Amino acid sequence: MSQQPFKTKKSLGQHFLSDGNVIRKIIEAFPAQAEDWVLEIGPGTGALTQYLWPRYPKLEVVEIDPQAIEVLQHSFEGMNIHHRDILKLNWEEIIPKGQTNYVIGNLPYYITSPILFALLEYRKYFKGALLMMQKEVAKRLVASPRTKDYGILSVQTQLMGTPEYLFDVQPGSFSPPPKVTSAMVYVHFDKAKLPCSDKMLKSVVRTAFNQRRKKLSNALKPLLEGIEPTGFDLSVRAEEWSPDIYAEFALQVERSRR
Ligand code: SAM
């Protein structure tokens with residue numbers, strides 16, 4: 001590792017892992033095999049990378065911070081480093097086709113949701129993703145209907161994959177410590193293709209939860225114009241419907257528009 005002093009940038013969500021036990025637990029939880037392609041999001045100065053690079057010769061990393069890039073180039077010779085904003089990444093361009101791919105990352109928390117949505121969008125290329133995020137977001141991924149954490153992220157993630165809540169990580173395991181407790185989640189991308197398009201599912205789920213206090217007959221009104229989906233209880237609120245009901249409903253709306 002480079003010894004140069006590194007000034008962490010709050011604006012980039014830089015909370016570097018400093019707890020060797022937690023780092024070990026993360027590496028042990030990562031199911032990728034040596035021959036797999038692995039993408040690390042936000043490697044920073046390499047707290048995880050230092051253990052990943054010797055294990056995964058096809059490891060590639062995406063990092064936005066030029067100072068971190070310098071450290072990485074110095075420390076991990078030969079590694080493919082993408083100096084990019086993950087939210088502007090052309091995923092199709094960098095993901096190899098026809099082999100097993102994984103994602104790992106201690107995510108920058110200010111953009112956790114958009115990163116998760118991007119991973120869901122490109123899930124067909126990935127076997128799984130091992131991710132550190134705010135505990136509050138991790139709870140949303142695995143939340144059940146009729147709970148306060150259940151929402152857009154829960155429905156989409158549970159339909160497009162199988163999220164597994166692994167363990168909590170306390171603020172003291174990072175330098176500098178974040179204000180919130182964190183959690184590791186593994187998302188298995190093991191689900192069959194949805195019956196509806198991703199686009200329609202997203203539209204239905206967003207429309208429903210954007211007015212989560214209203215009955216679905218009201219909340220979903222913009223989508224119900226001119227159609228009468230059968231077999232759905234629209235007298236309840238968005239949190240009552242399971243992910244499968246959302247997928248079925250999106251399919252009916254889509255069919256009725258064809
Ligand atoms: N993996 C390192 C660790 O565990 O110590 C660093 C994790 S830190 C929580 C998040 C990292 O994501 C930082 O290195 C930060 O510079 C990087 N990052 C922030 N925004 C980014 C973006 N839009 N695209 C790519 N990387 C980003």
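## Exercises on a ligand site, a cavity and two loops

A backbone N or O atom of Pro43 is found 3.3 Å from a nitrogen atom of the ligand, and this distance, like every value below, is computed from a predicted model.

**Exercise 1.** Decide which of the atom pairs that link Pro43, Glu63 and Ile64 to the ligand count as polar contacts.

*Solution.* Begin with the cut-off, which is that a polar contact is a pair of N or O atoms within 3.5 Å. For Pro43, the backbone atom lies 3.3 Å from a ligand nitrogen, and this pair falls within the cut-off. For Glu63, a polar side-chain atom lies 2.6 Å from an oxygen atom of the ligand, and this pair also qualifies. For Ile64, a backbone N or O atom is placed 3.4 Å from a nitrogen atom of the ligand, and this pair qualifies as well. Turning to the surface of the ligand, we find that taken alone it exposes 590 Å², of which the protein buries 99%.

**Exercise 2.** Describe the surroundings of the ligand, naming the residues that come nearest and the classes of residue in the shell.

*Solution.* First locate the ligand, which sits in the largest pocket. Next consider the 23 residues around the ligand, of which Gly42, Glu63, Ile86, Asn106 and Tyr110 come nearest. Then sort the shell by class, which gives 12 nonpolar, six polar and five charged residues. Finally, look at the strands: E1 (16-17) and E3 (59-63) each contribute at least two residues to this shell.

**Exercise 3.** Find out how many cavities of 30 Å³ or more the structure holds, and work out which element gives the largest share of the lining of the largest cavity.

*Solution.* Rolling a probe the size of a water molecule over the atoms shows where empty space is left. The structure holds one cavity of 30 Å³ or more, and the largest cavity encloses about 40 Å³ of space. Its lining consists of Leu116, Leu119, Leu120, Ala129, Leu131, Thr157, Val187 and Phe189. Both helix H5 (112-121) and strand E6 (128-134) supply at least two of the lining residues, and the largest share, three residues, comes from H5. By class, the lining has seven nonpolar residues, one polar residue and no charged ones.

**Exercise 4.** Identify the loops that hold Pro176 and Arg146, and state what the backbone does at each residue.

*Solution.* Pro176 belongs to the loop between strand E8 (174-175) and strand E9 (182-188), and a cis peptide bond, with omega about -10°, joins Ser175 to Pro176. Arg146 belongs to the loop between helix H6 (135-142) and helix H7 (152-160), and phi of Arg146 is near 65°, which is a positive value in a residue other than glycine.

Key: Residues are numbered from 1 along each chain as its sequence is written. This is a predicted model: local features need pLDDT of at least 70, side-chain atom pairs count only at pLDDT 80 or more; totals for chains, interfaces and linings use all residues. Side-chain values use heavy atoms; hydrogens and water are left out. A residue is near a molecule or strand if one of its heavy atoms lies within 4 Å of it. A polar contact is a pair of N or O atoms within 3.5 Å; within protein, one must be able to donate a hydrogen and the other to accept it, and residues adjacent in sequence count only if both atoms are side-chain atoms. Accessible areas come from the Shrake-Rupley method with a 1.4 Å probe; for residues, only the protein chains shown count as cover. On a 1 Å grid over the protein atoms alone, a cavity is a set of points where a 1.4 Å probe fits but cannot get out, and a pocket is an open set with protein on both sides within 12 Å along at least five of seven lines; lining residues have an atom within 4 Å of a point. A molecule sits in a cavity or pocket if more than half of its atoms lie within 2 Å of its grid points. Helices (H or I, at least four residues) and strands (E, at least two) are DSSP runs, numbered from the N terminus. Ala, Val, Leu, Ile, Met, Phe, Trp, Tyr, Cys and Pro count as nonpolar, Asp, Glu, Lys and Arg as charged, and the others, Gly among them, as polar. Grid points are joined across faces, edges and corners, and a volume is the space filled by probe spheres set on the points.
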